[in-house]
Amino acid sequence: MYSLDYNCTKISLLQGDIIDQETEAIVNAANSSLMGGGGVDGAIHRAGGASIMLQCLQIRKKEWPNGLPAGEAVITTGGNLRARYVIHTVGPIWKGGSSGEEEKLASCHENSLRVALVKKLKSVSFPAISTGAYGYPVSLASNVALKAVKKTLDSEPVAKGGLHEIRFVLFTLGDYEAYVTAMKAVFH
Ligand code: ADP
């Protein structure tokens with residue numbers, strides 16, 4: 001576990017499973033269909049149960065009939081999870097880095113935090129969005145993710161004191177180490 005405080009918010013990194021987190025929300029690295037998938041998405045739907053999928057279906061019907069675009073974020077119940085809410089965001093697919101990947105990955109983090117702030121949530125856990133099936137190199141993605149967090153905490157007055165903790169839950173030791181390196185680079 002590695003953490004620091006920035007503008008009244010604790011930013012913490014830990015190796016673990018996002019399913020187990022007791023933060024008010026966890027973020028899902030969804031695909032644009034919002035209909036579940038592999039990796040962390042499948043794990044969240046399995047553990048959270050059918051009520052998450054029902055709300056995803058409603059969101060598709062009412063708000064995003066063509067699917068949720070990369071960089072956007074929406075919120076549903078957490079169902080049977082310890083977290084009360086799941087914030088679903090769609091990461092960019094890595095195509096070499098010249099296709100707007102960085103901007104979209106930053107938007108994922110900024111929009112997920114905005115959704116959490118609108119709901120007045122105090123704590124949120126993120127996985128390493130886009131670094132699994134979507135192929136974004138974790139050494140780069142970790143920097144983009146933490147810079148986006150810093151930008152949000154710098155720019156949104158509501159963020160100051162609004163969010164008590166932003167947590168990154170990394171599945172592998174290698175991913176955890178990449179995030180620790182990025183945290184030191186971005187915040188020191
Ligand atoms: P994407 O399609 O956005 O790349 P993936 O789910 O394939 O999403 O992978 C994103 C990251 O989530 C990867 O680093 C993967 O190791 C990690 N991951 C998979 N399952 C879990 C889990 N239960 N908790 C936390 N991280 C997970």
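Which helices and strands each supply at least two residues of the lining of the largest pocket? In this predicted model, the elements that do so are strand β3 (25-30), helix α1 (39-48) and strand β7 (165-170). Of these contributions, that of α1 is the greatest, with four residues given to the lining. The pocket itself holds about 540 Å³ of space, and the residues closest to its centre, out of the 26 that line it, are Ala-29, Gly-39, Val-40, Asp-41 and Gly-132. In chemical character, the lining is made up of 13 nonpolar, ten polar and three charged residues.

Aromatic rings were examined next. The count of aromatic pairs in the model comes to four. In one of them, the ring centres of Trp-94 and Tyr-136 are 4.6 Å apart and the planes meet at 50 degrees, an angle that falls between the limits of 30 and 60 degrees, so the pair is classed as tilted. Because Trp-94 is placed in the loop between β5 (85-90) and α3 (101-118), and Tyr-136 in the loop between β6 (123-126) and α4 (138-155), this pair ties together parts of the chain that are 42 residues apart in sequence. The two partners are unlike in their exposure: Trp-94 is partly exposed, with a relative accessible area of 26%, whereas Tyr-136, at 4%, is buried.

A tilted arrangement is also found for Phe-168 and Tyr-179, whose ring centres lie 5.3 Å apart with planes at 40 degrees. Here strand β7, which holds Phe-168, is tied to helix α5 (residues 173-187), which holds Tyr-179, across a separation of eleven residues in sequence. Phe-168 counts as buried at 0% relative accessibility, and Tyr-179 likewise counts as buried, at 1%. Ring pairs further link these two residues with Phe-126, so that Phe-126, Phe-168 and Tyr-179 form a cluster.

Phe-168 and Tyr-179 reappear in the largest nonpolar core, which comprises 42 residues; together with Ile-11, Val-124, Leu-146, Ile-166 and Phe-187, they are the members that touch the most others. When residues up to four places away in sequence are left aside, the contacts of Tyr-179 are with Leu-13, Pro-127, Ala-128, Val-138, Ala-141, Ser-142, Ala-145, Leu-146, Phe-168 and Leu-170. Apart from the largest core lies another, of 17 residues, including Ile-19, Ile-59, Leu-81 and Ala-83.

Terms used: Residues are numbered from 1 along each chain as its sequence is written. This is a predicted model: local features need pLDDT of at least 70, side-chain atom pairs count only at pLDDT 80 or more; totals for chains, interfaces and linings use all residues. Side-chain values use heavy atoms; hydrogens and water are left out. On a 1 Å grid over the protein atoms alone, a cavity is a set of points where a 1.4 Å probe fits but cannot get out, and a pocket is an open set with protein on both sides within 12 Å along at least five of seven lines; lining residues have an atom within 4 Å of a point. Grid points are joined across faces, edges and corners, and a volume is the space filled by probe spheres set on the points. Ala, Val, Leu, Ile, Met, Phe, Trp, Tyr, Cys and Pro count as nonpolar, Asp, Glu, Lys and Arg as charged, and the others, Gly among them, as polar. Rings of Phe, Tyr and Trp (its six-membered ring) pair if their centres lie within 6.5 Å; planes under 30 degrees apart count as stacked, over 60 as edge-to-face and the rest as tilted. Buried means under 20% relative accessible area, exposed over 50%, partly exposed in between (1.4 Å probe, protein chains only). A nonpolar core is a set of buried Ala, Val, Leu, Ile, Met, Phe, Trp, Tyr and Cys residues joined through side-chain atoms within 4.5 Å. Contact means heavy atoms within 4.5 Å.
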